[in-house]
Amino acid sequence: MENIDQLAALGLFDAQVPRYTSYPTAPVFSTDVGPSFQVKALSVLDPNAPVSVYLHIPFCERLCWFCACRTQGTRTLNPVERYVETVKAELSLLWDAIPAGLRMGRMHWGGGTPTILPPHMIHDLATAIKRIIPPAEAFEFSVEIDPTMVDEAKISALADQGMNRASIGIQDFSPMVQAAIGREQPYDVTKDCVGLLRRAGITSLNTDLVYGLPNQTEDAITSTIEKVLSMEPDRVALFGYAHVPHMAKRQKLIDETVLPGDVDRYRLATRAALFFQSAGYDKIGIDHFAKPEDSLSRAAATGSLRRNFQGYTTDTCPTLIGLGASSISRFAEGYVQNAAATAAYTQRAEAGMLAGYRGHILTKKDILVARAIEMLMCDFRIDQLALSERFGAPAAMLEPIHTHVLQTFPSVTFRTSDGLAIRPDGRALTRLIAQHYDQYVTEPARYSKAS
Ligand SMILES: C[S@@+](CC[C@H](N)C(=O)[O-])C[C@H]1O[C@@H](n2cnc3c(N)ncnc32)[C@H](O)[C@@H]1O
Ligand code: SF4
């Protein structure tokens, strides 16, 4: 049987499953967990363990039709200016909650489009954050950049603040695809942006691509990848297009009749993966590629790859402090998400309240399952021995699930001396297999296609 038929028979094209950037996934969060949990979790942080910080900028000057990110369009900087003030108010509340001496090891600005901020706002925000949580000695600062919404002054402001990693959105360079997704982005503009970033001292550059877009053909994706390779990114994220117009209303502008079918979508992903691998990139997890010398490749090779809200990472820090509307914080005790709408977030901060409004307190079983799912998503295997060493006897609760998975996916999974693994030709099913371990499986239509 051809691999594609085998994967279809195992349900690849029927499934809608989470991307497992957290466990439990965000739809499980409840409003029973809010600011009081947040204050308590912040107050007991160990000041000797650097934290990671995520700042969400929920604004874009253009609203691309395909985009499922939480963001809003604006033609003026007025709402952005007000938002910066609100984040500063949130930071003062944070200052009251955290222990003295806390440092940050990593900071990531995502969105939306962080590069909508003009240089003076970049300095203002970065300085305000560093005043509350100063950078640790080894500090990494990464920023998501829209190449059409950035210039030399913004890049040098970010670099002055310590930006050493950047991620640029590309998606696809084909004009036919760009027209169909409402996102115009010339190759020359993107290439110039990469030049500016490299000259500003960026040592790690990621590019985001998407397969499964309307009008996208194998030729289009191949030509896009050739152009991407000429920019020599250190990492590439190749996301499957999540078409979820019930959640991302702007996707209603996408002409569904020109979306590739399931099989074409699979072929696009396979063609792209082969292309990157033959160009010398390592395949990382389900949807990333990295140069062999990149820290992501090294982490994958040594079993220290991790998965968090930004996708694959080398960040092993247990604490993530989320700033801004909709940001999620992660503590050893659980998750808490800030109010999602900018207005609700602002209202809370202005009322002198931390903005967390829903979350989840982790049980011991959650932590065990979370690690098992992370192992699958990162390493395509579950090391039962390592789980037993860390979690003791309760790790045995996974055994019946392993048996069930081995029976359900017999041709693509196998027992190992220490647990269970997915064969290379079955890795497209990883999210589907991971879902069998999920103790909170919810309404399937909320998620995107598994393929
Ligand atoms: C916050 S956005 C992009 C950053 C920046 N605003 C830009 O446009 O370049 C991060 C990435 O999410 C991915 N993304 C957004 N919507 C998506 C969707 N519906 N399906 C798959 N990936 C998506 C895109 O690859 C995008 O570059
Ligand atoms: S892809 Fe980037 S610029 Fe386009 S809407 Fe999404 S966040 Fe905004």
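Me: Which helices and strands each supply at least two residues of the lining of the largest cavity?
Reply: In this predicted model, they are helix 2 (35-43), helix 3 (78-97), strand 14 (320-323) and strand 15 (328-331).

Me: What makes that space count as a cavity?
Reply: A 1.4 Å probe fits there but cannot get out, so the space is called a cavity rather than an open pocket. The largest one holds about 30 Å³, and the count of cavities of 30 Å³ or more comes to 1.

Me: Why is Gly322 listed in the lining of the largest cavity?
Reply: Lining residues have an atom within 4 Å of a cavity point, so Gly322 makes the list, and Gln38, Glu90 and Phe331 are also among the lining residues. By class, the lining splits into 5 nonpolar, 3 polar and 1 charged residues.

Me: Over to the ligand. How do you know that Phe66 makes a polar contact with ligand 1?
Reply: A backbone N or O atom of Phe66 sits 2.9 Å from a nitrogen atom of ligand 1, and the cut-off is within 3.5 Å, so that pair counts.

Me: What makes the pair between Gln251 and ligand 1 a polar contact?
Reply: Here a polar side-chain atom of Gln251 lies 3.2 Å from a nitrogen atom of the ligand, which is within 3.5 Å, so this pair counts too.

Me: How much of ligand 1 does the protein bury?
Reply: On its own ligand 1 exposes 570 Å², and the protein buries 90% of that. Strand 6 (135-145) and strand 8 (204-211) are among the elements giving two or more residues to the shell around the ligand.

Key:
Residues are numbered from 1 along each chain as its sequence is written. Chains are lettered from A and ligands numbered from 1 in the order in which they are written. This is a predicted model: local features need pLDDT of at least 70, side-chain atom pairs count only at pLDDT 80 or more; totals for chains, interfaces and linings use all residues. Side-chain values use heavy atoms; hydrogens and water are left out. On a 1 Å grid over the protein atoms alone, a cavity is a set of points where a 1.4 Å probe fits but cannot get out, and a pocket is an open set with protein on both sides within 12 Å along at least five of seven lines; lining residues have an atom within 4 Å of a point. Grid points are joined across faces, edges and corners, and a volume is the space filled by probe spheres set on the points. Helices (H or I, at least four residues) and strands (E, at least two) are DSSP runs, numbered from the N terminus. Ala, Val, Leu, Ile, Met, Phe, Trp, Tyr, Cys and Pro count as nonpolar, Asp, Glu, Lys and Arg as charged, and the others, Gly among them, as polar. A polar contact is a pair of N or O atoms within 3.5 Å; within protein, one must be able to donate a hydrogen and the other to accept it, and residues adjacent in sequence count only if both atoms are side-chain atoms. Accessible areas come from the Shrake-Rupley method with a 1.4 Å probe; for residues, only the protein chains shown count as cover.
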